[in-house]
Amino acid sequence: MCLPSVSSRGPEYLCHVYVRSDSLAGVVIADSEYPSRVAFTLLEKVLDEFSKQVDRIDWPVGSPATIHYTALDGHLSRYQNPREADPMSKVQAELDETKIILHNTMESLLERGEKLDDLVSKSEVLGTQSKAFYKTVSSPAALLAAPPQSCCSLSLQHS
């Protein structure tokens, strides 16, 4: 008895095989980045449509020249981009993008928080210095006790 679905890994690709209970089988060979779930969704969809369009008696003896299944090209074209073909892949991609944006936003907030902490610290130091200056200036005794400071000297001469 064949397994209904199997994936086999090659050096740069994955081979996905899906065998139905009626012995109809399909194979998808894709690069290793292509999601397995999407490959099996494609296989299931193609095999279901094929079984409805092509008589079962033609399966074992048919060839591309005798069996005309035209929907395959459309499916292969649509499934080139798994995000567009598969709603779950699209949602996962959007979630991944949202996680990146949130991560960058958190980093930015943390950097701003550090800068804000620096500003608060500098503000506290400035507040302490301004209180000390205010006490010095507002105390008349301190002004009288302080030696006079002059910025210039005046000398008068009479001739």
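Here are five short exercises on the predicted model above, each with a worked solution.

**Exercise 1. Get an overview**

Task: Find how many helices and strands the protein chain has, in what order they run, and where the confidence is lowest and highest among the elements.

Solution:
- Step 1: Begin with a count. The protein chain holds five helices and three strands.
- Step 2: Now walk along from the N terminus. The order is β-β-β-α-α-α-α-α.
- Step 3: Turn to confidence. The chain has a mean pLDDT of 80, and 81% of its residues reach 70 or more.
- Step 4: Look at the elements one by one. Helix 1 has the highest mean pLDDT, 92, while helix 5 (residues 140–145) has the lowest, 58.
- Step 5: Keep a reading rule in mind. Predicted coordinates should not be read in detail where pLDDT is low.
- Step 6: Finish with two totals. Of the 159 residues in the chain, 20% are buried. Among contacts with a separation of 6 or more, 36% join residues 24 or more positions apart.

**Exercise 2. Buried or exposed?**

Task: Decide whether serine 23, aspartate 55, tryptophan 59 and histidine 75 are buried or exposed.

Solution:
- Step 1: Recall the cut-offs. Buried means under 20% relative accessible area, and exposed means over 50%.
- Step 2: Take serine 23. Its relative accessibility is 60%, so serine 23 is exposed. You will find it in the loop between strand 2 (13–19) and strand 3. Its phi is near 75°, a positive value in a residue other than glycine.
- Step 3: Take aspartate 55. At 53% relative accessibility, this residue is exposed too. Aspartate 55 sits in the loop between helix 1 and helix 2.
- Step 4: Take tryptophan 59. This residue also belongs to the loop between helix 1 and helix 2, but its relative accessible area is 17%, so tryptophan 59 is buried.
- Step 5: Take histidine 75, in helix 2 (residues 71–78). Its value is 10%, so histidine 75 is buried.

**Exercise 3. Far in sequence, what about space?**

Task: Find the C-alpha distance between tryptophan 59 and leucine 24, and then the one between aspartate 55 and isoleucine 67.

Solution:
- Step 1: Tryptophan 59 and leucine 24 are 35 residues apart in sequence, and their C-alpha atoms are 7.9 Å apart.
- Step 2: Check the contacts of tryptophan 59. Beyond its neighbours within four places in sequence, it touches Arg20, Asp22, Leu24, Phe50, Ser51 and Val54. Leu24 is thus one of its contacts.
- Step 3: Aspartate 55 and isoleucine 67 are twelve residues apart along the chain, with 9.4 Å between their C-alpha atoms.

**Exercise 4. Explore the nonpolar core**

Task: Work out which residues of the largest nonpolar core touch the most other members, and which element gives the largest share.

Solution:
- Step 1: The largest nonpolar core has 19 residues, of which Val28, Tyr34, Phe50 and Tyr79 touch the most other members.
- Step 2: Strand 3 and helix 1 each supply at least two residues of this core. Helix 1 gives the largest share, eight residues.
- Step 3: Zoom in on valine 28. Not counting residues up to four places away in sequence, its contacts are Leu14, Cys15, His16, Ala39, Leu42 and Leu43.
- Step 4: Add some background. Nonpolar side chains tend to be buried together in soluble globular proteins.

**Exercise 5. Line the largest pocket**

Task: Describe the largest pocket: its volume, its lining and the elements that supply the lining.

Solution:
- Step 1: The largest pocket holds about 360 Å³ of space.
- Step 2: It is lined by 18 residues, and Val27, Val28, Leu42, Leu72 and Leu76 are the closest to its centre.
- Step 3: Strand 3 (25–31), helix 1 (36–53) and helix 2 each supply at least two lining residues. Strand 3 gives the most, with six.
- Step 4: Sort the lining by kind. There are 16 nonpolar residues, two polar and no charged.
- Step 5: Link back to histidine 75. Its contacts, leaving aside neighbours within four places in sequence, are Leu42, Lys45, Val46, Glu49 and Tyr69.

Key. Residues are numbered from 1 along each chain as its sequence is written. Side-chain values use heavy atoms; hydrogens and water are left out. Helices (H or I, at least four residues) and strands (E, at least two) are DSSP runs, numbered from the N terminus. Buried means under 20% relative accessible area, exposed over 50%, partly exposed in between (1.4 Å probe, protein chains only). Contact means heavy atoms within 4.5 Å. On a 1 Å grid over the protein atoms alone, a cavity is a set of points where a 1.4 Å probe fits but cannot get out, and a pocket is an open set with protein on both sides within 12 Å along at least five of seven lines; lining residues have an atom within 4 Å of a point. Grid points are joined across faces, edges and corners, and a volume is the space filled by probe spheres set on the points. Ala, Val, Leu, Ile, Met, Phe, Trp, Tyr, Cys and Pro count as nonpolar, Asp, Glu, Lys and Arg as charged, and the others, Gly among them, as polar. pLDDT is the predictor's confidence in each residue, from 0 to 100. A nonpolar core is a set of buried Ala, Val, Leu, Ile, Met, Phe, Trp, Tyr and Cys residues joined through side-chain atoms within 4.5 Å.
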